[in-house]
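User: I am new to this structure. Please walk me through it and show the reasoning behind each label.

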Amino acid sequence: MASQQQLSAIKGARVLMVGAGGIGCELLKTLALSGFQDIHIIDMDTIEVSNLNRQFLFRQSHVGQSKAKVAREAVLKFRPHIKITPYHANVKDPDFNVDFFKQFNVVLNGLDNLDARRHVNRLCLAAEVPLVESGTTGFLGQVTVHVKGRTECYECQPKPAPKTYPVCTITSTPSKFVHCIVWAKDLLFAKLFGDKNQENDLNVHSTDAASSSEQAEDAFERRKDEDIEQYGRRIYDHVFGYNIEVALSNEETWKNRNRPRPVYSRDVLLNGLAQQNGNIFGATDDPSSVSAMAYLGMKNPQDIWSLMENSRIFLEAFKLFFVKREKEFGNLTFDKDDQLAVEFVTAAANIRASSFGIPLHSLFEAKGIAGNIVHAVATTNAIIAGLIVIEAIKVLQNDTNNYRMTYCLEHPTRKMLLMPVEPFEPNKSCYVCSETPLTLEINTHRAKLRDFAEKIVKAKLGMYFPLIMHGSALLYEVGDDLDEDMVANYAANLEKVLCELPSPITSGTTITVEDLKQELTCNINIKHREEFDEEKEPDGMLLSGWTQSSSVEKDDNKSIVNGGSTSNASQTVPGDSEKNDEMGSVPSGKKRKLSEVPDAAAQDPLSVTDSDGSRNHGKLELVDDDDDLLMLDADPGINKKKRLQ
């Protein structure tokens with residue numbers, strides 16, 4: 001039973017929930033049943049069929065509707081007298097500024113991505129509102145408390161860089177099925193159906209060692225009067241046959257590797273394509289429901305298709321994109337909920353895997369890798385939601401001595417499935433909550449202000465409305481209230497080399513970067529550096545003082561990962577997305593000394609997020625198909641950090 005003091009704190013609290021998905025549904029229900037009277041919910045998503053197996057506030061009739069609004073309606077049916085305010089919007093929208101956050105007593109997160117989490121963390125710091133973070137992945141879960149000045153903030157510990165694979169591994173020497181998935185999804189699919197103007201590493205291999213004018217042309221361009229089936233077979237023969245032969249011509253590459261086998265359509269489909277056994281449009285006319293499997297009468301997504309079956313699916317999916325969805329060409333990106341896209345990527349990855357002697361996978365397995373899916377467990381969401389409410393009540397009572405980071409484990413550790421840990425103190429070197437200066441090594445004679453703004457300010461520091469200053473000189477600003485002359489001036493600055501700006505940026509200078517909406521200011525000390533390693537430092541710059549772990553597979557040339565532009569050296573791969581707070585374990589209620597914490601070097605920590613992903617040694621992240629996120633260490637107490645006393 002809650003004490004009178006607890007009930008008073010609960011009833012008088014105004015709570016902000018961010019996220020109304022797997023954890024969010026359980027959390028809203030638990031808050032309502034615990035007596036909270038004033039709850040606000042922000043969620044930009046709409047309900048999908050795949051949500052219904054664990055987000056119990058939603059029903060089939062709600063598909064396509066706002067999660068925040070439907071969750072409110074569902075809870076008001078059994079708690080009609082409480083106030084629930086839904087916002088069908090992005091938490092990064094300008095309306096949700098520091099002043100908005102200041103009206104709440106506590107913020108409870110149930111998000112699925114690093115950018116939004118960092119954004120909420122910064123707004124909570126600026127508004128001085130406590131934040132309770134959470135995440136789940138399968139049977140694992142965690143809840144952490146972040147209070148300005150008392151505990152570390154969400155960004156006090158660096159998040160690892162997404163795992164990257166060198167481009168040459170993806171395009172020439174794949175050894176794992178995930179390499180084939182990345183190739184099929186981020187190179188082939190993007191080249192055929194995505195932005196035609198985007199640089200793509202398949203371009204290189206389309207003309208390599210070309211011995212004829214036919215091969216020297218862009219093999220991916222459809223020829224005049226070429227029908228779809230001929231075009232599809234030509235693409236098939238080019239990427240699975242000709243390109244493999246080009247790769248084989250480099251004898252040095254295969255001295256210590258198994259040689260791949262070129263695959264041509266004439267060898268696999270001796271009798272042509274099978275006749276239609278199903279409905280060319282699948283169950284509905286919804287473009288995302290169009291199915292090559294349905295067209296060919298193949299029903300079980302857990303079957304592992306033969307090379308011939310994969311080839312049939314590949315060519316039929318290719319044809320269906322032209323027959324049914326040609327209007328979308330140029331704007332298509334891979335979506336795990338797009339049946340035809342999943343079929344195409346699965347078939348392409350399997351054909352490539354067959355060529356390189358890699359075991360084939362079912363559509364079900366391939367979809368999990370391509371879409372980073374680890375299936376959610378509703379019970380874990382419910383447990384984590386309960387723990388969030390427990391910590392929120394402590395926060396409302398200002399019961400700082402009893403704050404706990406709590407981890408939900410799959411298997412008992414020290415006879416416990418719930419592992420409570422005392423929060424860490426703020427990291428004095430954190431550039432977010434301690435405003436510690438950073439150092440940037442960059443070639444000030446070659447790098448443009450645009451490179452700095454895109455690769456550092458936005459990508460690494462997570463500032464969405466940045467203002468860049470050198471001394472009193474304003475070099476760049478983002479905002480809706482800028483006049484045309486200012487916009488033109490800033491646009492011109494973006495294209496200038498750093499040392500040629502109106503207020504030149506050279507070695508030894510300090511740049512100030514601000515995000516006025518996040519009320520975050522960061523000083524960056526510039527250090528000129530001439531050369532960078534293209535593989536290890538693909539951005540051509542190195543930010544330090546804020547360390548970011550790296551998990552790059554060693555190989556030659558640049559790197560590519562699962563997702564994003566193929567023209568960049570680093571992108572995201574399945575199962576790698578962000579890092580949550582380290583887990584240390586200590587029996588509940590017992591404070592331990594710094595000397596009692598095991599050495600991090602002896603551990604092999606595992607990081608995980610909500611419910612999608614693949615394995616990776618060291619820091620790993622798995623991401624769910626909708627909302628909840630977790631980072632967990634395989635062994636308790638991995639870091640020598642100071643506990644909150």
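Analyst: This is a predicted model. The protein chain averages a pLDDT of 79, and 76% of the residues score at least 70.

User: What is the pLDDT over residues 272-284 and over residues 547-642?

Analyst: Over residues 272-284 the pLDDT stays under 50. The model still has 29 contacts for that stretch beyond four places in sequence. Residues 547-642 also have a pLDDT below 50. There the model shows 373 contacts beyond near neighbours in sequence.

User: What makes β12 and β15 edge strands?

Analyst: Start with the sheet. It is open, has six strands with mixed pairing, and follows the order β12-β11-β13-β14-β10-β15. β12 (473-477) and β15 (541-544) each pair on one side only, and they are the edge strands. From one strand to the next, the twist averages 25 degrees.

User: How do you know that β10 and β15 pair?

Analyst: Pairing takes at least two bridges between the strands. Four bridges join β10 (residues 438-442) to β15, so the two count as paired. They run antiparallel. E441 stands opposite L542 in β15.

User: Which helix lies across β10, β11, β12, β13, β14 and β15?

Analyst: Helix α17 (residues 449-458) does. Its angle to β11 is about 125 degrees.

User: Why is the contact between R450 and E495 called a salt bridge?

Analyst: The cut-off is 4 Å between a side-chain nitrogen of Lys or Arg and a carboxyl oxygen of Asp or Glu. The closest N and O atoms of R450 and E495 are 2.5 Å apart, so the pair qualifies. R450 sits in helix α17, and E495 is in the loop between α18 (484-494) and β13, 45 residues apart.

User: Why are R450 and E495 called partly exposed?

Analyst: Buried means under 20% relative accessible area, and exposed means over 50%. R450 has 33%, so it falls in between. E495 has 38%, so E495 is partly exposed too.

User: Which other salt bridges can I look at?

Analyst: The structure holds 20 salt bridges. One of them joins E155 and R122, at 2.8 Å from N to O. Both E155 and R122 are buried. Salt bridges that share partners join R118, R122 and E155 into one network. Another salt bridge joins E252 and K255, at 3.2 Å from N to O. Both E252 and K255 are exposed.

User: Which residues of helix α15 are buried, and what covers them?

Analyst: In α15 (residues 363-370), the buried residues are L363, A366, G368, I369 and A370. Their cover includes α7 (177-193), α12 (292-296) and α14 (339-355). N372 follows α15, with a positive phi near 60 degrees.

How values were computed: Residues are numbered from 1 along each chain as its sequence is written. This is a predicted model: local features need pLDDT of at least 70, side-chain atom pairs count only at pLDDT 80 or more; totals for chains, interfaces and linings use all residues. Side-chain values use heavy atoms; hydrogens and water are left out. pLDDT is the predictor's confidence in each residue, from 0 to 100. Contact means heavy atoms within 4.5 Å. Axes are lines fitted to C-alpha atoms, for helices over the stretch in contact, and angles run from 0 to 180 degrees between N-to-C directions. Buried means under 20% relative accessible area, exposed over 50%, partly exposed in between (1.4 Å probe, protein chains only).
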